[in-house]
Amino acid sequence: LSLQNSVTFGTKEEADESALRINKLHEVIKGKDKVTGGIYDALEYEQLLWVHACLQISSIFFYEKTVRKLSDKDKNQYHRENMVGAELVLLDKNLMPKTHNELKEWVINKSRERDYILLTDVAKDVKEIIQGGPVPIHIKPIWPFISFTAFYTLPDEFKKIYGIKDTKFKRFLVNFNLGLL
């Protein structure tokens, strides 16, 4: 998120510094996945694109839930502008999907691939934290809302992995509460 914020609201120098920190961190994130046996490398194009795409899609999703719907033109403008940040973290914009909807479809298709997304020990830990793990005292009163919203705004493929049972009433509650924001 630091890159999105610095590209959007900061100076070019701040964006470059943020990208440099991210790229240095990505250089050391590599190895063999103990769950799948596959190789992971944070500088691998598909993995970079996955993170970039999820940040972009979730930003637009949240904006539309809390502010207003965006036109395809607006989403595509955001997508093109977001490509500046993507290039700073070594994504080749010429290889990226050209529109927001193409990027979203890419994520949907990847998430439906067999064993592309798995419920690992780390994912279980994150679920426990979101459900009410250690939370700063000043956030505790609103944490049930944050937790509920976090789980019930997940895409269906992710809800299934986390065992989240969705209902029309829960979707209504999420939309109503987000509408109040």
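Helices and strands are here DSSP runs, with at least four residues for a helix and at least two for a strand, numbered from the N terminus. On that basis, the chain of this predicted model reads α-α-β-β-α-α-α-α-α-α-α from its N terminus on. In total, the secondary structure amounts to nine helices and two strands.

It is convenient to begin with the overall dimensions. The C-alpha trace extends over about 45 × 40 × 35 Å along its principal axes. A compact globule of 181 residues would have a radius of gyration near 16 Å, and the 18 Å found for the chain agrees with this. Of the contacts in the chain with a separation of 6 or more, 54% join residues 24 or more positions apart. Buried residues make up 30% of the 181 in the chain. The accessible surface is about 12100 Å², and carbon and sulfur atoms contribute 60% of that area. As for charge, the chain carries 27 positive and 25 negative charges, and the mean positions of the two sets lie 7 Å apart.

Turning to the interior, the largest nonpolar core comprises 13 residues, and those with the most contacts inside it are Leu49, Trp50, Ala53, Leu91, Met96 and Val107. Three helices each supply at least two residues of this core, namely α3 (45-66), α4 (72-88) and α5 (100-112). Helix α3 provides the largest share, with five residues. Apart from the core just described, a second, separate core of seven residues is present, and Phe151, Tyr162, Val174 and Leu178 are among them.

Two members of the largest core are worth a closer look. When residues up to four places away in sequence are not counted, Ala53 touches Leu103 and Val107. Leu91, for its part, sits in the loop between α4 and α5. Because buried means under 20% relative accessible area, Leu91 counts as buried with its value of 3%. Setting aside neighbours within four places in sequence, the contacts of Leu91 are Tyr45, Leu48, Leu49, His52, Ala86 and Met96. Leu91 can also be placed relative to Asn23: the two residues are 68 positions apart in sequence, while their C-alpha atoms are 11 Å apart in space.

Helix α7 (residues 143-152) offers another view of the packing. Its buried residues are Trp143, Ser147, Thr149, Phe151 and Tyr152. These buried residues pack against three helices, α6 (121-132), α8 (156-162) and α9 (168-180). Phe151 thus appears both among the buried residues of α7 and in the second nonpolar core.

The backbone holds a couple of details for readers who like to check torsion angles. Most residues other than glycine have a negative phi. Leu90 has a positive phi, near 75°, and is not a glycine. Leu90 lies in the loop between α4 and α5, which is also where Leu91 is found. Asp115, likewise not a glycine, has a positive phi of about 60°. Asp115 belongs to the loop between α5 and α6. With a relative accessibility of 48%, Asp115 is classed as partly exposed, because that class covers the range between the 20% limit for buried and the 50% limit for exposed residues.

Terms used. Residues numbered from 1 in each chain as written. Predicted model: local features only at pLDDT ≥ 70, side-chain atom pairs only at ≥ 80, totals over all residues. Heavy atoms only, no water. Rg over C-alpha atoms; globule rule 2.2 N^0.38 Å. Buried < 20%, exposed > 50% of the residue type's maximum accessible area, 1.4 Å probe, protein only. Contact = heavy atoms within 4.5 Å. Areas by Shrake-Rupley, 256 points an atom, 1.4 Å probe, with all protein chains shown as cover. Lys, Arg positive; Asp, Glu negative; His and termini not counted. Charge placed at Lys NZ, Arg CZ, Asp CG, Glu CD. Core = buried A, V, L, I, M, F, W, Y, C linked by side-chain atoms within 4.5 Å.
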